[in-house]
Structures are given as C-alpha cells and as structure tokens.
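Please open the model in your viewer and keep the selection tool at hand. The stops below name what to select next and what is to be found there.

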Amino acid sequence: MSSVVVRRLMATMPNTMSFKQGLSLWCPQSAALNRIPRVSVPSRSFRRSFVAAASFDNENREYVVVGGGNAAGYAARTFVEQGQANGKLCIVTKEPYAPYERPALTKAYLFPLDKKPARLPGFHTCVGAGGERQTPDWYKEQGIEMLYEDPVTGVDIEKQTLTTNSGKLLKYGTLIIATGCTASRFPEKIGGNLPGVHYIRDVADADSLISSLGKAKKLVVVGGGYIGMEVAAAAVAWKLDTTIIFPEEHLLSRLFTPSLAQKYEQLYQDNGVKFVKGAKIKHLESGPDGRVTAVKLEDGSSIETDTVVIGIGAKPAVSPFDMVGLNKTVGGIEVDGQFRTSIPGIFAIGDVAAFPLKIYNRIARVEHVDHARKSAQHCIKSLLTAHTHTYDYLPYFYSRVFEYEGSSRKVWWQFFGDNVGEAVEVGNFDPKVATFWIDSGKLKGVLLESGSPEEFQLLPKLARSQPSIDKAKLQNASSVEEALEIAQAALKTEAAV
C-alpha cells in the first residue's frame, strides 16, 4: 500500500479513535453456550483504518501541543488537573529538555559558578508560579507523550496532521500552538553570525554565552531592553568590561520615563557598565580567526570587544502555521478571548498569540512569562470545561537583576497596567521609587522598585480598577509609602461609589 493511499485513509478516521490497546477479540453471547465461540473478523475497511492509524508516529493524538516553553509546561499542568492528560496529550518540541521557566536564562542562569547559578532541573515549569517541578519523569508519570528535538515543519489542516523535521507524521484531534518567539538577529552580511556573537532564547544559547563569558574580557550588549539590562547585570558578576549600545535615548524606553531610566543607568554605571546611547550599528568586525573583535558604529567610531550579545527583541514563531490566520498589526496568530484561531480545533497561546486585550479594548501580543502561564491555563480550561468567559489579562512586567551573592544592590521592580498619560515619579531610589501613569484623571499604570510583598500586591488592584486620583497629592507625597497610601485611598473611594 503506497504512503499516499495510507495518508488518505488516515484522514478519514475519527479523531477520537484509539488503537493503543490493539484490536479486541470478542465472543458473541448465545443461548447455546456449548457452541465453539467464533472470533469476530474485522471488516476490510476497518483493517485498512487500523493500518493507517498505526502509521502515525505519536501514540497520544487527542491533544497535541507544539512548543516546549512556558506555555506548553503550564498547559500540561492544566491538562493533568482536568484529568485529560494520560494517554491523550502529546507535546512536540525542538528542545532537548522538558519545558522550563525561560526567564532564568538571562538572570540566575548567567551567574558565574561561584555565585550559585541556576541549572536544570531546578527551574522546570511550574516552579516559577509556585507549582510542582515538572521534570521529564513527571511527564512520563502523567502519561504525557514527549517528542524532543524535533520541530514541526508542516501542517495539513484538512487531514489534521503535522510533519516534523525528522520526518515523523503526527495526528491531532485538537492542536495547541505554543511556539513562542525567535530572537531577532543581525543579518549575516553585517556580522550577525560571527563566532563570539550570541542570542538568547534557549538553554543551548545560554550555555554558549557562558562558555564565552568565561574567556571574555570585553563584552558589548546590543539593546537597552530587558535582555540587555539583565545580561549586562550578570556580566558585572563576571568582572567584564561591559558596554551597552542602543539607538534610543535611554534604557527600556518602551516603559521607563527618562527620569526613571536615569536612576537605573546610574546604578549600572556605579557597577562599571558603560552606555553608548542614540547609536546605530554599521557592522560587526572580525579578526584573522573569524571571531568578532569590534562593533563599528555609523558615526565611524568602533568599540573593541571579544563577545557580543544581541538583545534587540523577538519575532513570533508562526511558521509553519501561517495559514491559520495572522494579525498584521501586532504579529502572531490571531485568536479570540478563549485562544481559538479561525480554524476549529486549533488554538494558539503564549507569545505567539495575538489576543483581545479586554481591559484596553485592543488586540495585543504579549511577550512575557506571566501571560504565557495564564493564557495556557485559560485556553485549556476553556477547551476542557464549561469555562467560557473571555480572557481578561492585565499587562504585567518585572525584572530582577544584581541578585547574586556579593552584589551591593539587588534590583526588583514590577509594573502593572498601561504606561499612558502623564507620569508622576515619587521616591529617590534609595531603595524605593514609584512611577504612576495618570490619563484623564485615572490611574492607568504603576511601577514600583524594591517594594514590600504587601505593596507589590496592591499594584494590580490599582491598575485594574483605574481609580480617579488627585495628581497634585501624588506629586506632593514625601515618600513612596505615602504615595501608595494616597493611591489605596483612591481605590477605596472608587469601590465605595
């Protein structure tokens, strides 16, 4: 029987049909119990279907998750909680590891060996949210089929099949796309692939960088966002000559105000980190051995280096699922409030999903671990239960740097809401500072550095309720604590109305 015929037969089979136990033999009951029982012989069409089913390369076919990041790990946990994982769920990933908490890669994973760096299995999902550590053995115990190091390269929506890089053919009943993002890269023609140039998206990337850091003397970090700030902070522990280059006028320009950024920049400078702001890179230069030696700027200047980390953002990993339906404005696969795509039976979660941000009435794509966790949980609960309400996400970002032993100052800030309107900053960064964003008299967003657990817990309540607030009172607050008391009073007043 040709493979084409076999695949056509497979497409006609019910999605829920399971052959894990093989064919069952049965003896019909009869009043004449002394007759020799007859074995039922399956029909020719049934035998053909069995042959077709047996040619799929995954045993668990009811639910297939593509991707092995945070979203996949939290989806697996939710399937287990709903009693729908054992023998039903398959996860196919390009990574050689079970899903892990990816933020660790630019934080504690990069610490030098004498600073107690994070290592697997210590940060498998779902420890980041206080859950169980889901090691490879956990997936086996839960009856979840894991296909490692085999990225999906093709999808046949009509036949409900996937093909992988190794040539496997997988069948799915329901498909959950959790492919995340890929790092934005410099073009090869300007040196983006030179030895000594690094990008960070997975453990292999981080391991490669650590190998370079151990031999490096001068590090250049390209990009003034989360990746750049976190890598540079880790480099301080390696005692490297570190420079951050970015085209904007200040750090983390998508969120920080100029005044807030200046405070963080000063902290980095106090730790020996240098900044080159408003700069554009022409190309990366290499030496006789081909390894990167300098970063050439468009103004003609050069910065010597032996190691470069590129942290200039990421792109949603939509391939090979482009035909599912993309959002051209924010990128990613467009979904509704329950993470359903335009094609029945196909869902998308995490960084790759373009979803309705209900609180602000707009379509958004959020690249953050908090959304990866929550979108996975919401999607799977909607799929398996009577849970039908729309995902109502509150944007949340945070960073933790300089947390290694011996650091003179540990940094941990959290932001909730929307950074729109006028910003009011309170505090002197010793150690606390808070920034409140007010638009049309409403508190829209709030950032707090070095808050107490109780203070951090107040932030999402403020951002979600968006209470009316007296800007002048905030501006005149003598401390962060007083400003938060003013905001909390506004929250209580709003609730009483």
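Begin by selecting Ile469, which sits in the loop between helix 9 and helix 10, the latter spanning 471-475. The model is a predicted one, and in it Ile469 has a relative accessibility of 11%, so it counts as buried, the cut-off being under 20%. If you now show what surrounds this side chain, leaving out residues up to four places away in sequence, you will find that Ile469 touches Ile438, Gly441, Leu443, Leu474, Ala487 and Ala490. For one of these, Gly441, a distance label is instructive: the C-alpha atoms of Ile469 and Gly441 lie 6.1 Å apart in space, although the two residues are 28 apart in sequence.

From this loop, extend the selection to helix 9 (residues 453-465) and helix 11 (residues 480-496), whose axes come within 10 Å and cross at roughly 45 degrees. Because of that angle, helix 9 is classed as oblique to helix 11, and the crossing of helix 9 with helix 11 is left-handed. To see the contact itself, display Glu455, Leu458, Leu459, Lys461, Leu462 and Ser465 on helix 9, together with Glu481, Leu484, Ala487, Gln488 and Leu491 on helix 11, which they meet. Coloured by class, the residues of this contact separate into six nonpolar, two polar and three charged. Ala487 belongs to this set and is also among the residues touched by Ile469.

The next pair to select is helix 3 (residues 70-81) with helix 8 (residues 369-384), where the axes come within 8 Å and cross at roughly 35 degrees. Here the crossing is right-handed. On the helix 3 side, the contact is made by Asn70, Ala71, Tyr74, Ala75, Arg77, Thr78 and Phe79, while helix 8 contributes Val369, Ala372, Arg373, Ala376, Gln377, Ile380, Lys381, Leu383 and Leu384. By class, the contact of helix 3 with helix 8 holds ten nonpolar, three polar and three charged residues.

Now move to Lys263, which you will find in helix 7 (residues 258-270). Is this lysine, Lys263, buried or exposed? Its relative accessible area is 17%, so Lys263 is buried by the same cut-off of under 20%. With neighbours within four places in sequence set aside, the contacts of Lys263 are Glu425, Gly427, Asn428, Phe429 and Val433.

For the last single residue, select Ile303, placed in strand 15 (residues 302-304). With a relative accessible area of 15%, Ile303 is likewise buried. Setting aside neighbours within four places in sequence, its surroundings can be shown by selecting Val220, Thr243, Ile245, Val276, Thr293, Ala294, Val295 and Leu297, with which Ile303 is in contact. A distance label from Ile303 to Leu219 reads 9.8 Å between C-alpha atoms, for residues that are 84 apart in sequence.

Finally, zoom out and select the whole protein chain, whose secondary structure comes to eleven helices and 26 strands. Of its 497 residues, 52% are buried. Of the contacts between residues at least 6 apart in sequence, 63% join residues at least 24 apart. With a surface representation switched on, the accessible surface of the chain amounts to about 23100 Å², and 49% of that belongs to carbon and sulfur atoms.

Key:
Residues are numbered from 1 along each chain as its sequence is written. This is a predicted model: local features need pLDDT of at least 70, side-chain atom pairs count only at pLDDT 80 or more; totals for chains, interfaces and linings use all residues. Side-chain values use heavy atoms; hydrogens and water are left out. Axes are lines fitted to C-alpha atoms, for helices over the stretch in contact, and angles run from 0 to 180 degrees between N-to-C directions. Helices (H or I, at least four residues) and strands (E, at least two) are DSSP runs, numbered from the N terminus. A crossing is left-handed if the near helix is turned anticlockwise from the far one by less than a right angle, and right-handed if clockwise. Contact means heavy atoms within 4.5 Å. Ala, Val, Leu, Ile, Met, Phe, Trp, Tyr, Cys and Pro count as nonpolar, Asp, Glu, Lys and Arg as charged, and the others, Gly among them, as polar. Buried means under 20% relative accessible area, exposed over 50%, partly exposed in between (1.4 Å probe, protein chains only). Accessible areas come from the Shrake-Rupley method with a 1.4 Å probe; for residues, only the protein chains shown count as cover. Angles under 35 degrees count as roughly parallel, over 145 as roughly antiparallel, 65 to 115 as roughly perpendicular and the rest as oblique.
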